[in-house]
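Reader: Please give me a close look at a single part of this model, moving outward from one element to whatever surrounds it. I would like the cut-offs behind each term to be stated as you go.

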Amino acid sequence: MEQEMEKVSIVVPVYNSEQYLVRCIDSLRNQSYGNLEIILVDDGSQDSSFSLCCQAAQTDSRIKVIHQENGGAARARNRGILEASGKWLMLIDADDYIHQDMAGDLLKAAHEEDAQGVICGFSRVYGDGTKEEIHALQQKWSGDLHRFSEEMLLPLYRNLLLRTQSNKLYDLSLIQKHKLAYPGGFSINEDIWFCVRYLSLCRRIVCIPGSYLYYWQNQGGDSQISRYHPEGVESCFLLLKAMNHLMKKADSSPAVRNEMENEMLFHICGFAGHIYYRANRSPRECLDSIRQLTERKEFRRLLRQMRPRGIKNKTAAFLLGHRMCRVYHWMCLGLYAPQRRRFFKESRGKAKEG
């Protein structure tokens, strides 16, 4: 078959992942589709991860190991993409693992639908015994970018299927042609930004049913989104720009635009709220951050053009749109009071232990 001649490059950023790395590599090596290039980018690991990568490469000629000074997952992925020589690309994290048919089934779907982007489901799996959480479609869908924006953009965003780079198959030539790369300086939202920017380049997209990616988390509630990221709000505006670009290119309807703008407002306000209970910040610093948010041109433009839906968005749009920052601030202090007390209590406990 034609697709059997096409190499799939799988890029894995590796950093201090010795506990899970062998499981990840084995899931890649044992793919039913064999024409693979597995690129392990060690990002300055301080444990035995680099040694494990080298050992795997000695037993499988398809594995290539790259070592670089620590610069973050985005930089490691960019390096791996530059080194990739396949027709297709997959991006997998070192603590995750994949179904044995993932590469083959995604590639088959790409050929059947003449698509440049393929999306599948994933499962959150937990080390503490928390029940597996499945995010997957029930039936196959395919179409051009306009149909994708009208029928799939919002469902995939809300079902988290748009938010990870690891449940997708990419046409590497599109990435190379448009010099698409992960943005530097971000540790959150850079994955969904990359996906949105890539999908805006696609002529056709296909989504297939089933869960193929096993997204590992040590315990329930343990994820990137549960931690404080100083650049979190800034990353939301980066994503907003990418989403607007996609909707413009797809000629999205006003209804879709408004729904996505509501999602973006909720996303921005959520990250703005993190400073209240995930960072050691005084009330004055929290208030200043809200004031800075209301002065951003992109934020004021978003508020002007959207029709807010739901009590949270309507309240935020009214208060922040009218620069009633102090009222919004006191509302946040009340809303996040329990989490804020818990955070400071845990912080004091860790300080005593230290």
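Author: I begin with strand β10, which pairs with strand β8 (residues 141–144) in the antiparallel sense over four bridges; strands here are DSSP runs of E with at least two residues, helices are runs of H or I with at least four, and both are numbered from the N terminus. Pairing requires that DSSP finds at least two bridges between the two strands. One of the facing positions along β8 and β10 is W141, which stands opposite C207.

This is a predicted model, in which local features need pLDDT of at least 70 and side-chain atom pairs count only at pLDDT 80 or more, while totals for chains, interfaces and linings use all residues. Residues are numbered from 1 along each chain as its sequence is written, and side-chain values use heavy atoms, with hydrogens and water left out.

Strand β10 spans residues 204–217, and 10 of its 14 residues are buried, where buried means under 20% relative accessible area, exposed means over 50% and partly exposed lies in between, using a 1.4 Å probe and protein chains only. Strand β6 (residues 117–126) runs parallel to β10, and the two are joined over nine bridges, with F122 facing L213 of β10. Strand β5 (residues 97–98) is antiparallel to β10 and is linked to it by two bridges; in this pairing Y97 has Y214 as its bridge partner.

From β6 the pairing can be followed further, to strand β9, which is antiparallel to β6 over three bridges and places K168 as the bridge partner of I119. Strand β9 (residues 168–171) is covered on both faces, since K168 and Y170 on one side and L169 and D171 on the other are all buried. Strand β4 (residues 88–91) pairs with β9 as well, in the antiparallel sense and over two bridges, and L89 of that pairing stands opposite Y170.

The residue L89 leads to strand β1 (residues 8–14), in which V11 lies. With a relative accessible area of 0%, V11 is buried, and its contacts, leaving aside neighbours within four places in sequence, are I39, R77, G80, I81, L89, M90, L91 and I92; a contact is counted when heavy atoms lie within 4.5 Å.

Three of the names in that set, R77, I81 and L91, are also touched by Y182, together with A74, N78, Q165, E190, D191, W193 and F194, when residues up to four places away in sequence are not counted. The setting of Y182 is a loop between helices α7 (172–177) and α8 (190–199), yet this tyrosine counts as buried because its relative accessibility is 4%. The C-alpha atoms of Y182 and F194 are separated by 6.2 Å, although the two residues are 12 apart along the chain.

For the wider interior, the largest nonpolar core has 115 residues, and F148 and M243 are the members that touch the most others; such a core is a set of buried Ala, Val, Leu, Ile, Met, Phe, Trp, Tyr and Cys residues joined through side-chain atoms within 4.5 Å. Helix α10 gives the most to this core, with 11 residues. Beyond its neighbours within four places in sequence, M243 is in contact with L153, Y157, L162, V196, M260 and M264. In soluble globular proteins, nonpolar side chains tend to be buried together.
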